[in-house]
Every structure is written in structure tokens, then in C-alpha cells.
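Visitor: I have a structure to look at, and I would like to know what stands behind the words people use for it. Could you take me through them?

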Amino acid sequence: MKVNPEFRTEEKALDLYNGPLLELVFRAAAVHREFHNAREVQMSSLISIKTGGCPEDCGYCPQSIKYDTGLNNHGMLSVEEVVEFAKNAQCNGSSRVCMGAAWREVRDNRDFDKVVRMVSEINKMGIEVCATLGMMNEDQAKRLKNAGLYAYNHNLDSGKEFYSEIISTREFDQRLDTIENARKAGISVCSGGIIGMGESVNDRIGMLVTYAAMENPPESIPINALVAVEGTPLENQKPVSTWEMVRMIATARIMFPESIIRLSAGRTVMSQEAQALCFLAGASSVFAGDKLLTTPNPEYNEDMELFEILGLIPKLPFQDGDQPVSLPDETITSSNTKRIRPKSGFSPRKISVD
Ligand code: SAM
Ligand code: DTB
Ligand code: SF4
């Protein structure tokens with residue numbers, strides 16, 4: 001059962017979210033045990049392959065060019081750097097590596113060629129590869145799939161009404177289009193949201209109901225607590241309480257019994273007890289490693305200590321789907337590049353103009 005038909009409407013889902021907390025957790029824990037091995041936690045390691053300088057104005061994001069957050073921007077990492085990161089992540093028990101780029105959208109240029117190579121190399125290591133690169137069209141999604149991409153992360157972040165209050169440079173419906181393009185290419189979808197941005201409970205539920213209306217809801221639903229970064233418009237937001245996080249996770253677990261519910265950003269300020277309650281409420285995944293994209297995350301050793309206390313174990317890769325086959329990449333981009341006139345004595349080279 002991908003979506004629980006009982007909670008397809010906003011009214012029903014709201015009742016569920018607002019119900020007595022311990023009843024909600026109890027029910028979520030039961031659903032979790034019916035559909036999953038509740039001892040297993042899927043660990044994903046995040047790496048920012050291109051950091052900062054993003055033209056979008058997402059009010060929560062330290063990587064937007066519109067806000068001065070003192071971030072150390074960097075251009076594309078090399079394929080070797082990313083493969084090295086993936087090897088470490090695999091040794092530490094991660095079953096998935098997720099590569100993030102501070103892009104509005106994927107462009108058919110040499111940076112994308114590089115991402116395709118990264119996907120192929122990491123997939124061949126026998127670990128799930130995810131990417132979060134902004135908007136992408138169907139051809140780009142197919143190219144990533146052919147390279148061996150397992151999942152694509154593209155969050156709706158909140159309900160449609162609240163969306164325009166935090167982002168003005170793109171539309172909610174454009175997010176839906178990219179999710180659809182990933183689907184058409186046969187890529188597993190990771191899509192969720194952030195709580196604590198000043199949205200109402202209706203906005204949170206609005207997002208979940210949008211996923212519930214999809215023919216195929218996301219296989220993975222990250223629930224992030226806002227990391228309020230100085231310099232962003234949301235820098236002074238009051239932190240979300242554990243109870244709100246638990247309610248959101250439990251509601252998502254009951255609505256989407258088969259999906260991975262990911263306890264995502266915000267764990268550095270959560271106690272072990274609070275995280276334990278989130279696992280009990282049906283969270284089945286975390287981001288592992290001391291950094292998310294640009295902000296801190298619990299150290300690997302801290303997580304292992306928590307897993308030991310709670311009797312949790314890392315989930316192995318490809319338990320929910322087959323490993324994709326990495327096909328040779330035939331689309332090496334030459335558009336968006338132009339030849340520059342060589343100075344005497346130099347051989348011609350190409351520069352990117354995107
Ligand atoms: N640029 C791409 C995009 O927006 O889809 C990919 C990277 S973007 C940083 C990925 C996701 O990180 C966002 O959709 C948002 O949900 C999450 N995120 C960004 N900043 C955050 C913050 N300060 N706190 C919590 N989550 C955040
Ligand atoms: C998701 O839902 N959360 C992750 C991942 N998908 C890409 C990102 C969280 C980013 C938190 C802020 C930062 O570290 O820059
Ligand atoms: Fe850019 Fe993504 Fe950050 Fe928005 S969330 S500013 S699109 S990197």
C-alpha cells in the first residue's frame with residue numbers, strides 16, 4: 001500500500017496530525033513494523049559538489065546568491081574527490097550517496113557531463129546514487145538514469161500556498177514537473193519538505209496531501225527541521241519542537257506506509273531521546289556524516305553510539321529496488337561551449353559559457 005486511502009484528504013490528514021500524540025506514535029510504530037524491518041535505518045551521505053552562488057531566492061537556503069551568509073562558495077568538485085568521499089561513506093555504513101549542487105536547474109554543459117561520470121563511478125561501487133541538482137528535463141533525467149542514478153531528490157518543501165512566501169524565483173508546479181521527469185525516466189523519487197519556516201500546520205499537511213494525490217508517491221520523504229542560518233530571511237525563526245517533528249514524521253509514516261521517511265536536517269539540536277522518538281514514530285533513514293550540504297550534522301561516531309543504544313542497524317543498499325546498470329555515456333556536451341582563439345604557441349581549448 002503506497003498511500004493509505006483513509007488520509008487522502010486534507011481534513012482527514014489534519015485530524016491524524018492533530019490527534020493525541022501517543023496514539024499517533026503508537027499507530028505509526030505499528031504501520032512501520034507492518035511494512036518495514038524497524039531495526040534497519042537507511043543511511044545517506046550528502047556531498048555538496050557545487051556550493052553557493054545559486055540564483056534562486058529560497059528563503060531558507062544559505063546557498064542563495066541573494067543572501068550574505070558568509071559561505072565558502074566552491075565550483076564543481078572533481079570526479080576523484082567525489083569518488084573518494086563515496087568510498088568513505090560506504091566504509092562507514094552508508095547505503096546511499098547524495099550529490100547536491102547549488103543550481104536552479106541542470107544545464108547541458110560540461111559540469112553536467114562531470115556529474116554523469118560521478119554517477120556512473122559511484123554506482124559501479126555498489127552503492128545507491130542520488131542527486132539533487134534543481135530542475136531537470138526528461139532527457140537529462142534519462143541521461144542520469146542511464147549513467148546509473150538510483151534516486152533524485154527534489155523537495156516540494158511546503159504546501160503550495162506557503163511556497164510563494166518563501167520562494168519567488170520559481171513556481172510550485174515547476175517542482176512537480178521535475179519530479180514527473182524523474183519518474184518518467186524510471187528514477188526513484190526522494191521528495192519532502194521543511195518544517196519551522198513559519199508555515200501553518202495546514203501548509204505541512206497540504207504538502208503531504210499533494211504527495212498522496214500522486215499516482216506514485218515518493219519512495220523517500222525527507223522531513224527537515226529548518227536550520228536557521230544567519231543572513232537568510234529565516235535566520236530568526238524559532239526552532240521547531242520535538243513534538244512537531246514527531247507529529248510530522250508519524251503522519252507521513254501512516255500516510256505513506258511503504259516509503260522511507262527520512263529524519264533529515266536539524267538533528268544536531270535534537271537529543272538522543274528526541275531522535276529515538278522519531279525512530280519510534282516511523283523514521284527509517286538519516287543523513288550520515290558530520291555535514292549536510294553546508295551545515296553541521298551529527299558525527300558518524302555519535303550516530304553509531306545512538307544506533308547501539310537503540311539496537312538499530314544500517315540498511316544495506318538496493319533492498320527496495322535493483323541496482324541500475326551504468327551504460328556508456330554517449331552524450332558528451334559540446335553545445336554551450338565555444339572555442340576561444342588561441343594565443344600563439346597555445347593549443348585550442350574550450351571554455352564554458354553557462
Ligand atoms: N538546488 C537544488 C534544489 O533546490 O532542489 C538542490 C539543493 S537544495 C539545498 C536541497 C534541499 O535542501 C532544499 O529543497 C531544502 O529542502 C533543503 N534545505 C536547504 N536549506 C535548508 C535549511 N536551511 N534547513 C533545512 N533544509 C534546507
Ligand atoms: C533534503 O531534504 N535535505 C538535505 C538533502 N535533501 C539534499 C539537505 C539539507 C540541507 C540543509 C542545509 C545545508 O546544509 O546547506
Ligand atoms: Fe538554490 Fe536549491 Fe538553495 Fe534554492 S534550495 S537557493 S535552488 S541551492
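Guide: With pleasure; this is a predicted model, and we can take its central strands, its core and its ligand shells in turn.

Visitor: What makes strand 3 largely enclosed by the rest of the structure?

Guide: A residue is called buried when 20 or more other C-beta atoms lie within 10 Å of its own. In strand 3 (residues 128-132), 5 of the 5 residues are buried, so the strand is largely enclosed by the rest of the structure.

Visitor: How do you know that both faces of strand 3 are covered?

Guide: In a regular strand the side chains alternate between the two faces of the sheet. Here Glu128, Cys130 and Thr132 lie on one side, with Val129 and Ala131 on the other, and all of them are buried.

Visitor: Why is strand 3 said to pair with strand 2?

Guide: Pairing takes at least two bridges found by DSSP. Strands 2 and 3 are joined by 5 bridges, so they pair, and they run parallel. Within that pairing, Val97 stands opposite Val129 of strand 3. Between the two strands the chain passes through helix 4 (residues 110-124), in a β-α-β crossover that is right-handed.

Visitor: What makes strand 4 a partner of strand 3 as well?

Guide: The count here is 2 bridges between strand 3 and strand 4 (residues 151-153), so the requirement of at least two is met; these strands also run parallel. Cys130 has Ala151 in strand 4 as its bridge partner. Helix 5 (residues 138-147) carries the chain from strand 3 to strand 4, again as a right-handed β-α-β crossover.

Visitor: Which residues touch the most other members of the largest nonpolar core?

Guide: They are Val97, Met99, Val119, Ala131 and Ile249, in a core of 94 residues. Helix 9 (residues 242-255) gives the most to this core, with 8 residues.

Visitor: What is Val119 in contact with, leaving aside its neighbours within four places in sequence?

Guide: Contact calls for C-beta atoms within 7 Å. Val129, Ala131, Leu144, Ala147, Gly148 and Leu149 are in contact with Val119.

Visitor: Which residues are the closest around ligand 2?

Guide: Among the 17 residues that surround ligand 2, the closest are Pro222, Leu292, Leu293, Thr294 and Thr295. Strand 2 (96-101) and strand 7 (220-225) each give two or more residues to this shell. By class, the shell has 8 nonpolar, 9 polar and no charged residues.

Visitor: How many charged residues does the shell around ligand 3 have?

Guide: That shell has 2 charged residues, along with 4 nonpolar and 3 polar ones. The residues around ligand 3 include Cys54, Glu56, Cys58, Cys61 and Arg104.

Conventions. Residues are numbered from 1 along each chain as its sequence is written. Chains are lettered from A and ligands numbered from 1 in the order in which they are written. This is a predicted model: local features need pLDDT of at least 70, side-chain atom pairs count only at pLDDT 80 or more; totals for chains, interfaces and linings use all residues. A residue is near a molecule or strand if its C-beta atom, placed from the backbone, lies within 6 Å of it. Ala, Val, Leu, Ile, Met, Phe, Trp, Tyr, Cys and Pro count as nonpolar, Asp, Glu, Lys and Arg as charged, and the others, Gly among them, as polar. Helices (H or I, at least four residues) and strands (E, at least two) are DSSP runs, numbered from the N terminus. A nonpolar core is a set of buried Ala, Val, Leu, Ile, Met, Phe, Trp, Tyr and Cys residues joined through C-beta atoms within 7 Å. A residue is buried if 20 or more other C-beta atoms lie within 10 Å of its own, exposed if 12 or fewer, and partly exposed in between; C-beta atoms are placed from the backbone. Two residues are in contact if their C-beta atoms, placed from the backbone, lie within 7 Å. A crossover is right-handed if, with the strands pointing away from the viewer, the path from the first strand over the helix to the second runs clockwise.
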